[in-house]
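Reader: I'd like to go through this one label by label. Could you show me the structure and then defend the words you use for it?

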Amino acid sequence: MKKFLYSKFVKKILYFFFCIFYDKKYLKGYYFDEKRMGWYWAYKGLKGRLFGPNKKVPWPVNNQTIVSNPNNIKFDVDNINIFQTPGCYWQGHNAEIHIGKNCYVAPNVGLITANHNVYNLKKHEEGKSIILGDNCWIGMNAVILPGVQLGKSTIVAAGAVVTKSFPEGFCVVGGVPAHIIKYLDPSKFDEQKGE
C-alpha cells in the first residue's frame, strides 16, 4: 500500500487536483516529494482556503492559523511545515516576514510586523520587517514584534516576547521582554537538512 501511495501516479493525481486550490510552486519540495505529508496538509487546509480566513493564501495552512497578507511572507517551500502548526498568527502588514531554512514554529506563535498606534488604535504604526535566520526554533506562545531579526540557530523560549533583535544567532532567548538566556556552541550544530 505504501508503495502505491508513494508512486509517481498518485503524486501526479494529487498535484493536479490541489493545483486547483493552491499555487503549484508550493506543492513541491521536501514535504511533497519525500515525506508526502504535504498532501495531507493540502487536504486539511482546504476548509480554511475555501471558507475560512486564509482564502488568499496560496499554500496549505492549518485551519486554526491565520496568515494575513501572504504576499509579504517569504519562505523556502521546504519550510511549508511551519504553517501547519495550530493557533499561529502571521501578520505581514506593511512589512515582510522572512523565514530562513529549516525553521520550526510551535503552536500559538505570533509574528507581528505592525502594531497599533497607542494614541489612535484605529491606525497602525509603520510596519517593520521580521527576519528569522536559518535553523531558528520559535517556542509555544512566543511573540515576535516588528523589526526583530533573529540570527542563525536562535531558539526563542516558550512564552517569550521578542522586542529586539538577536542577529548574532546561536543563542536561546526568553522572557518578557526576551533576553539571552544561553549561548549555543556553533560547532555542535548538524547542518544536515531535516535532522
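Author: What follows is a set of questions about labels, each with its reasoning. Keep in mind that this is a predicted model.

Reader: Fine. What makes β2 and β12 edge strands in their sheet?

Author: That sheet is open, with four strands in the order β2-β4-β9-β12 and parallel pairing. β2 (73-74) and β12 (149-150) each have a single partner strand, so one side of each lacks a neighbour in the sheet.

Reader: How do you know that β2 and β4 are paired?

Author: Pairing takes at least two bridges between the strands. β2 and β4 (residues 97-99) are joined by two bridges and run parallel. Within that pairing, Lys74 has His98 of β4 as its bridge partner.

Reader: And the other open sheet, which strands are at its edges?

Author: That sheet has five strands in the order β1-β3-β6-β11-β14, again with parallel pairing. Its edge strands are β1 (66-68) and β14 (161-162), each pairing on one side only. Further in, β6 (residues 110-112) and β11 (residues 143-144) pair over two bridges in the parallel sense, and Leu111 sits opposite Ile144 of β11.

Reader: What about β15 and β16, parallel or antiparallel?

Author: Antiparallel: β15 (residues 171-174) and β16 (residues 179-183) share four bridges, against the two that pairing needs. Cys171 is bridged to Tyr183 in β16. The two strands make a hairpin with four residues between them, and Gly175 there has a positive phi near 100°.

Reader: Over to the helices. Why do you say the buried residues of α4 line one face?

Author: The buried ones in α4 (residues 37-44) are Gly38, Trp39, Trp41 and Ala42. Looking down the axis of α4, they fall within an arc of 160°, so they line one face of the helix. Their cover includes α2 (8-18), α3 (30-34) and α5.

Reader: How do you know that Arg49 has no salt bridge?

Author: Arg49 belongs to helix α5 (residues 46-51). A salt bridge needs the side-chain nitrogen within 4 Å of a carboxyl oxygen. For Arg49 the nearest side chain of opposite charge is Asp23, 8.0 Å away, so Arg49 is buried without a salt bridge. Its contacts beyond four places in sequence include Phe21, Tyr22, Asn54 and Pro58.

Reader: Now aromatics. Why is the pair of Tyr31 and Trp41 called tilted?

Author: The structure holds 15 aromatic pairs. In this one the centres are 5.0 Å apart and the planes are at 45°. Pairing allows up to 6.5 Å, stacked means under 30 degrees and edge-to-face means over 60, so tilted is what remains. The pair links distant parts of the chain, with Tyr31 in helix α3 and Trp41 in helix α4, 10 residues apart. Both Tyr31 and Trp41 are buried.

Reader: What makes Phe83 and Trp90 a tilted pair?

Author: Their ring centres lie 4.6 Å apart and their planes are at 45°, so the pair is tilted.

Reader: And why are Phe83 and Trp90 called buried?

Author: Buried means under 20% relative accessible area. Phe83 has 0%, so the label fits. Trp90 also counts as buried, because its relative accessibility is 0%.

Reader: Last one: which residues make up the aromatic cluster?

Author: Phe17, Phe18, Phe21, Tyr22, Phe32 and Trp39 form one cluster. You've met some of those already: Trp39 is one of the buried residues of α4, while Phe21 and Tyr22 are among the residues Arg49 touches.

Notes. Residues numbered from 1 in each chain as written. Predicted model: local features only at pLDDT ≥ 70, side-chain atom pairs only at ≥ 80, totals over all residues. Heavy atoms only, no water. Buried < 20%, exposed > 50% of the residue type's maximum accessible area, 1.4 Å probe, protein only. Lys, Arg positive; Asp, Glu negative; His and termini not counted. Contact = heavy atoms within 4.5 Å. Arc of directions from axis to C-beta. Phe/Tyr/Trp six-rings, centres within 6.5 Å; stacked < 30°, edge-to-face > 60°.
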